[in-house]
Amino acid sequence: MDLSELTDQVETVSRNYARRHGITQDATWFLLKLQEEVGELTQAFLMRTGQARDKGLTEQEIDERFRAELADVLCQVLVMARHHGVDLRSEVERKWLRWNPTPAPSPNR
């Protein structure tokens with residue numbers, strides 16, 4: 001699955017969630033929701049590294065929570081970018097991949 005397909009699927013889930021809960025997905029909501037998810041990722045990271053209480057969770061449950069929060073952050077970034085009309089693939093290429101000493105092969109090859 002490519003980034004666009006993933007974003008389509010995540011956006012459908014996000015819209016359904018918003019509709020079910022009576023949420024208006026405006027620019028402020030996207031930013032605040034991303035911030036919420038980053039906060040949850042931070043908490044999971046701190047638990048995983050022993051810098052926060054484990055709340056009675058097993059090591060496996062803490063690791064699962066950490067992985068799930070990473071996914072939440074990624075999904076929120078995807079829907080926020082789509083909301084603002086940002087082509088993440090192009091921006092990643094412009095900002096990050098230009099520093100890659102061995103560029104990926106062209107899709108036309």
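# Salt bridges and helix H3

The structure holds eight salt bridges, and it is a predicted model, so every value below is computed from predicted atoms. Side chains of opposite charge can pair when their charged atoms come close. Three of these pairs are described here, together with helix H3, which covers residues 59-83.

**Helix H3 and its surroundings**

- At 1.5 Å a residue, the 25 residues of helix H3 should span 36 Å, and because the C-alpha atoms at its ends are 36 Å apart, the expected span and the distance in the model agree.
- The buried residues of H3 are Ile62, Phe66, Glu69, Val73, Gln76, Leu78, Val79, Met80 and Ala81, where buried means a relative accessible area under 20%.
- Among the elements that cover these buried residues are helix H1 (3-21), helix H2 (27-48) and helix H4 (88-95).
- Just after H3 comes Gly85, which takes a positive phi of about 70°.

**A salt bridge between helices H3 and H1**

- The side chains of Arg82 and Glu11 meet in a salt bridge, with a distance of 2.8 Å from N to O.
- This pair links distant parts of the chain, since Arg82 lies in helix H3 and Glu11 lies in helix H1, 71 residues apart.
- Arg82 has a relative accessible area of 31% and is therefore partly exposed, whereas Glu11, at 17% relative accessibility, counts as buried.
- Both residues also belong to a network of salt bridges that links Asp8, Glu11, Arg15 and Arg82.

**A salt bridge between helices H3 and H2**

- The side chains of Asp63 and Arg48 form a salt bridge at 2.7 Å, again given from N to O.
- This pair, too, links distant parts of the chain, with Asp63 in helix H3 and Arg48 in helix H2, 15 residues apart.
- Asp63 is partly exposed, with a relative accessible area of 22%, and Arg48, at 43% relative accessibility, also counts as partly exposed.

**A salt bridge within helix H2**

- The side chains of Lys33 and Glu36 meet in a salt bridge, with 3.1 Å from N to O.
- Because Lys33 and Glu36 are three residues apart in helix H2, about one helical turn separates them.
- Lys33 counts as buried because its relative accessibility is 11%, while Glu36, at 37% relative accessibility, counts as partly exposed.

Technical notes: Residues are numbered from 1 along each chain as its sequence is written. This is a predicted model: local features need pLDDT of at least 70, side-chain atom pairs count only at pLDDT 80 or more; totals for chains, interfaces and linings use all residues. Side-chain values use heavy atoms; hydrogens and water are left out. Helices (H or I, at least four residues) and strands (E, at least two) are DSSP runs, numbered from the N terminus. The expected span of a helix is 1.5 Å times one less than its number of residues. Buried means under 20% relative accessible area, exposed over 50%, partly exposed in between (1.4 Å probe, protein chains only). Contact means heavy atoms within 4.5 Å. A salt bridge is a side-chain nitrogen of Lys or Arg within 4 Å of a carboxyl oxygen of Asp or Glu.
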